[in-house]
Amino acid sequence: MRIFILTDLEEKHQSGFVNIIGRPNVGKSTLMNALLGEKMSVITNKPQTTRRRILGILSGEQFQIIFSDSPGIIQEPSYQLQKKMNAYYRSSFEDADILVYVTDDQEAFANEDQVIEKMKKYDKIPRYFILNKIDKLPDRRQNEIIDWWTSQIDFTEVCKISALEKKGTDVLLDKIKTHLPEGPAYFPKDQLSDMSERFFIGEIIRAHILELYHQELPYSSEVVCTEFKVEEKITRIRAEIYVERRSQKGIIIGKGGQAIKELGTLSRLEIEKFLDAKVFLELYVKVKDKWRQNDLELKRFGYH
Ligand SMILES: Nc1nc2c(ncn2[C@@H]2O[C@H](COP(=O)(O)OP(=O)(O)OP(=O)(O)O)[C@@H](O)[C@H]2O)c(=O)[nH]1
Ligand SMILES: [Mg+2]
């Protein structure tokens with residue numbers, strides 16, 4: 001009898017989707033990376049950095065947590081790409097075992113009706129409220145934000161964290177484990193994401209475009225890694241940067257190729273860290289007229 005109970009306990013395995021949602025720039029990707037202990041989703045100080053759903057998988061002997069990072073909610077999408085981004089956000093509700101709503105101090109309490117309505121519909125699953133960036137928020141303001149949100153929705157858990165400084169993230173992870181449903185692993189235990197190395201290489205370059213260039217240009221750019229060849233001493237990578245207009249191509253390249261050289265160097269250094277290998281990186285810039293408006297082009301870029 002005793003042996004039977006022990007065997008039974010040993011076999012208990014938990015797994016589930018923990019879907020992180022919230023407005024742009026609140027720190028969703030920073031939080032997912034902190035929970036995973038890996039630099040996976042790209043982070044910049046600009047809103048709308050994440051454009052798709054990216055799964056980050058954390059496995060232990062008795063559990064598998066599949067975190068889902070998603071684009072921030074765009075209140076008034078103005079082109080097709082933004083509509084796709086909002087569709088990724090909406091799909092995050094549908095397969096969640098735990099919903100994690102993240103916010104910071106930005107535009108708090110304004111135009112939140114839609115998300116509140118949607119969250120209320122998902123009252124059968126655990127819903128977490130996460131106030132992020134507490135490292136720069138005075139206590140009084142923290143309480144004000146939490147009081148307002150908890151008066152709107154009956155959250156299962158309320159956490160104050162700093163994803164950047166990894167404060168409160170271990171406690172959050174422990175709470176998640178208590179709400180994880182019983183079930184088998186969805187992915188092999190050594191798999192870290194549903195996305196390929198090529199995808200993350202494209203993302204690293206795109207994040208540097210977001211940081212180095214200004215105004216609309218980063219938002220009009222997409223990066224595709226078209227070649228990835230591991231050789232004995234070096235990994236050869238070719239990536240194509242797509243922009244919407246010829247003038248934007250000129251800006252990406254810069255005077256005498258200065259700008260693209262800087263982009264190439266910064267990207268290569270980060271890709272070398274990511275792959276733990278020496279890299280030879282070639283960048284090409286191409287123009288694809290109004291690709292953000294074009295369903296077929298978006299599909300080709302993998303926005304499904
Ligand atoms: N001070 C502070 N800054 C943070 C914290 N977490 C994230 N940030 C910063 O907030 C900015 C946005 O972080 P992201 O993780 O890219 O935010 P996101 O919600 O994924 O943004 P989108 O992908 O654009 O929707 C970056 O500059 C981060 O460094 C935090 O706990 N404290
Ligand atoms: Mg993000």
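## Reading a predicted two-domain model

Tutor: Among contacts in the protein between residues at least 6 apart in sequence, 68% join residues at least 24 apart. Keep in mind that this is a predicted model.

Student: How do I read the overall size, and what radius of gyration does the protein have?

Tutor: Compare the radius with that of a compact globule of equal length. For 304 residues the rule gives a value near 19 Å, and the protein has 21 Å, so the two agree. The C-alpha atoms fill a box of roughly 70 × 50 × 40 Å along the principal axes. Of the 304 residues, 36% count as buried. The secondary structure comes to 10 helices and nine strands.

Student: Into which domains is the protein divided?

Tutor: Domain 1 spans 2-179 and domain 2 spans 197-300. Their centres, taken over C-alpha atoms, are separated by 29 Å. Nine residues from domain 1 and 12 residues from domain 2 make the contact. On the domain 1 side, the touching residues are three nonpolar, four polar and two charged.

Student: Now the cores. Why look for clusters of nonpolar residues?

Tutor: In soluble globular proteins, nonpolar side chains tend to be buried together. Here the largest nonpolar core has 38 residues, and Val 18, Val 100, Tyr 101 and Ile 130 touch the most other members. Several elements give two or more residues to this core, among them strand E1 (14-22), helix H2 (28-36), strand E3 (63-69), helix H3 (80-94) and strand E4 (98-103). The largest share, five residues, comes from E4.

Student: Take Val 18. Which residues does Val 18 touch, not counting those up to four places away in sequence?

Tutor: Ile 65, Ile 66, Phe 67, Asp 97, Ile 98, Val 100 and Ile 176. There is also a second, separate core of 23 residues, which includes Ile 43, Ile 204, Ile 205 and Ile 209.

Student: Is H2 mostly covered or mostly open, and what covers its buried residues?

Tutor: Count buried residues, then look for the cover. Eight of the nine residues of H2 are buried. They are Lys 28, Ser 29, Thr 30, Leu 31, Met 32, Asn 33, Ala 34 and Leu 35. The cover includes E1, strand E2 (54-59), E3, E4 and H6. After H2 comes Gly 37, with a positive phi near 70°.

Student: Next, the ligand. Which residues come nearest to ligand 1?

Tutor: Start with the shell, then its classes. The shell holds 23 residues, and Gly 27, Ser 29, Thr 50, Gly 72 and Leu 164 come nearest. By class, there are seven nonpolar, 12 polar and four charged residues around ligand 1. Ser 29 also appears among the buried residues of H2.

Student: Which residues other than glycine have positive phi?

Tutor: Take two cases. Asp 276 has phi near 55°. Asp 276 sits in the loop between helix H9 (258-275) and strand E9 (279-287). With 6 C-beta neighbours inside 10 Å, Asp 276 counts as exposed. Lys 290 has phi near 45°. Its loop runs between E9 and helix H10 (295-300). Lys 290 has 12 C-beta neighbours inside 10 Å, so Lys 290 counts as exposed too.

Student: One last loop. Where does Ser 78 lie, and why does Ser 78 count as exposed?

Tutor: Ser 78 lies in the loop between E3 and H3. Ser 78 counts as exposed because it has 10 C-beta neighbours inside 10 Å. Now check sequence distance against space. Ser 78 and Gln 293 are 215 residues apart along the chain, yet their C-alpha atoms are separated by 9.3 Å.

Key:
Residues numbered from 1 in each chain as written. Chains lettered and ligands numbered in written order. Predicted model: local features only at pLDDT ≥ 70, side-chain atom pairs only at ≥ 80, totals over all residues. Domains from an automatic or database assignment. Contact = placed C-beta atoms within 7 Å. Nonpolar A, V, L, I, M, F, W, Y, C, P; charged D, E, K, R; others polar. Near = placed C-beta within 6 Å. Helix = DSSP H or I, 4+ residues; strand = E, 2+ residues; numbered from the N terminus. Rg over C-alpha atoms; globule rule 2.2 N^0.38 Å. Buried ≥ 20, exposed ≤ 12 C-beta atoms within 10 Å, placed from the backbone. Core = buried A, V, L, I, M, F, W, Y, C linked by C-beta atoms within 7 Å.
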